Amino acid sequence: MKRTAIYPGSFDPVTYGHMDIVGRGRILFDHVIVVILNNPGKKTLFTVPERLEMLKESMKDLTGVSFDTFDGLLVDYARDRGVRAILRGMRAVSDFEHEFQLALMNRKLNRNIETVFLMTGMRWFFTSSSIIKEAAMFEGDISDMVPPNVYQRVKARFKEMKKA
Ligand code: PNS
């Protein structure tokens with residue numbers, strides 16, 4: 001039987017931390033579907049098509065990984081595809097409460113779906129899309145936290161915004 005997991009997120013933009021989770025998730029699962037969903041709590045820098053393009057570019061060499069977008073509940077996306085595992089990365093203490101809430105809500109909404117947590121790799125413990133965007137906004141160097149294609153796009157986006 002082919003084991004599949006869904007790796008959901010905002011991916012605004014994708015970071016090496018996300019890529020680490022996908023790579024390690026692939027050791028546990030035959031297929032990982034990386035899905036961009038809407039987090040109503042976040043204002044995004046990139047559109048969904050832009051984020052999808054960056055995800056695809058960044059992980060083009062990985063096998064057993066596909067990409068998608070969905071506007072709705074994560075558990076509904078999983079149910080419609082017959083997938084029972086949700087993959088999430090967990091960084092230091094700060095992530096715990098939010099992740100716990102999300103996982104419990106998803107479990108309440110659909111008891112057949114389980115969330116599997118992987119600890120974020122030590123190297124990426126302090127990497128988050130939000131902190132990367134803040135650093136980049138003030139021209140901080142984020143080149144070792146995101147792949148080169150993403151680095152260029154983030155830089156270009158802030159340049160455009162400054163001009164506007
Ligand atoms: O990368 P993020 O922003 O931490 O990802 C959060 C995300 C997008 C996975 C979460 O907000 C989500 O699942 N959104 C879709 C709506 C949903 O199912 N919410 C959870 C139950 S209310």
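## Around the ligand

The ligand is surrounded by 14 residues, and the closest of them are Ser10, Asn39, Lys42, Leu74 and Arg88. The model is predicted, and the distances below are computed from it.

Three of these residues can be described by a polar atom that faces an oxygen atom of the ligand. For Ser10, a polar side-chain atom lies 2.5 Å from an oxygen atom of the ligand. For Asn39, the distance from a polar side-chain atom to an oxygen atom of the ligand is 2.8 Å. Leu74 makes its approach through the backbone: one of its backbone N or O atoms lies 2.8 Å from an oxygen atom of the ligand. On its own, the ligand has 550 Å² of accessible area, and the protein covers 82% of this.

## The length of helix 6

Helix 6 runs over residues 148-163, which makes 16 residues. At 1.5 Å a residue, helix 6 should span 22 Å. The C-alpha atoms at its ends are 23 Å apart, which agrees with that expected span.

## The two sides of helix 6

Which residues of helix 6 are buried? They are Val150, Tyr151, Val154, Arg157 and Phe158. These buried residues cover an arc of only 135° around the axis, so they lie on the same side of helix 6. Pro148, Lys159 and Lys163, on the other side of helix 6, are exposed.

The buried residues of helix 6 are covered by parts of the protein that include helix 2 (48-58) and helix 5 (129-137).

Definitions and conventions
Residues numbered from 1 in each chain as written. Predicted model: local features only at pLDDT ≥ 70, side-chain atom pairs only at ≥ 80, totals over all residues. Heavy atoms only, no water. Helix = DSSP H or I, 4+ residues; strand = E, 2+ residues; numbered from the N terminus. Expected span 1.5 Å × (residues − 1). Buried < 20%, exposed > 50% of the residue type's maximum accessible area, 1.4 Å probe, protein only. Arc of directions from axis to C-beta. Contact = heavy atoms within 4.5 Å. Near = heavy atom within 4 Å. Polar contact = N/O pair within 3.5 Å; in protein donor to acceptor, adjacent residues only side chain to side chain. Areas by Shrake-Rupley, 256 points an atom, 1.4 Å probe, with all protein chains shown as cover.
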